[in-house]
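This report considers strand pairing and charged contacts in a single protein model. The sequence and structure are shown below.

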Amino acid sequence: MHNNLHDDLLARLIYIADKAGIKIENIEGNSADPDVAFCKSRIINLNNNFECNISVAFRLAHEISHIQFSQPTFLYTFFPVHQEQRGARNQYTGH
């Protein structure tokens with residue numbers, strides 16, 4: 001049942017992105033390359049090989065929210081890090 005809910009949510013997010021004019025590109029980066037949201041061009045690169053414990057649906061929702069609600073000149077990457085590590089990263093990625 002868990003996988004069905006995840007698949008349903010992922011399908012709904014893809015639909016929402018499509019209706020909002022957001023293009024989702026599945027890429028084959030290396031395991032350390034995070035997902036990226038290009039706000040100005042409204043493109044999300046989802047790395048199929050990115051190793052993390054966070055679901056693809058959550059990662060996609062996260063990137064969609066950046067494009068929908070952030071300044072269009074920003075570039076966002078998804079890094080699941082501990083709170084104490086965020087400060088140094090925020091100055092470079094806009095998070």
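Which residue of β3 does Glu-25 stand opposite? In this predicted model, the residue of β3 opposite Glu-25 is Asn-45.

## Strand pairing around β3

Strand β3 spans residues 43-47, and four of its five residues are buried, so the strand is largely enclosed by the rest of the structure. Two strands pair with β3. Strand β1, residues 23-27, runs parallel to β3 and is joined to it by five bridges. Strand β2, residues 36-38, is antiparallel to β3, with three bridges between them.

Asn-45 takes part in both pairings: Glu-25 stands opposite this residue, and so does Val-36. The hairpin of β2 and β3 has four residues between the strands, and Arg-42 adopts a positive phi near 60° there.

## The salt bridge of Glu-25

Two salt bridges are found when the whole structure is searched. One of them links Glu-25 to Lys-23, with 3.3 Å between the closest N and O atoms.

Both partners are partly exposed. The relative accessible area of Glu-25 is 29%, and that of Lys-23 is 48%. Each value falls in the range from 20% to 50%, which is why both residues are classed as partly exposed.

## The salt bridge of Asp-35

Arg-59 and Asp-35 form a salt bridge through their side chains, at an N to O distance of 2.5 Å. Arg-59 belongs to helix α2 (residues 56-69), whereas Asp-35 is in the loop between β1 and β2; the pair therefore ties together parts that are 24 residues apart in sequence. The contact between these two side chains also counts as a polar contact, again at 2.5 Å.

Are the partners in this salt bridge buried or exposed? Arg-59 is buried, at 4% relative accessible area, and Asp-35 is likewise buried, at 0%. Both values lie under the 20% cut-off, so both residues are assigned to the buried class.

## A second contact of Asp-35

What does the side chain of Asp-35 reach at 2.9 Å? The side chain reaches the backbone nitrogen of Asn-47 at that distance. Asn-47 falls within the residue range of strand β3, 43-47. From its position in the loop between β1 and β2, Asp-35 thus has side-chain contacts both with the backbone of Asn-47 and with the side chain of Arg-59.

How values were computed. Residues numbered from 1 in each chain as written. Predicted model: local features only at pLDDT ≥ 70, side-chain atom pairs only at ≥ 80, totals over all residues. Heavy atoms only, no water. Buried < 20%, exposed > 50% of the residue type's maximum accessible area, 1.4 Å probe, protein only. Pairing = 2+ DSSP bridges. Salt bridge = Lys/Arg side-chain N within 4 Å of Asp/Glu carboxyl O. Polar contact = N/O pair within 3.5 Å; in protein donor to acceptor, adjacent residues only side chain to side chain.
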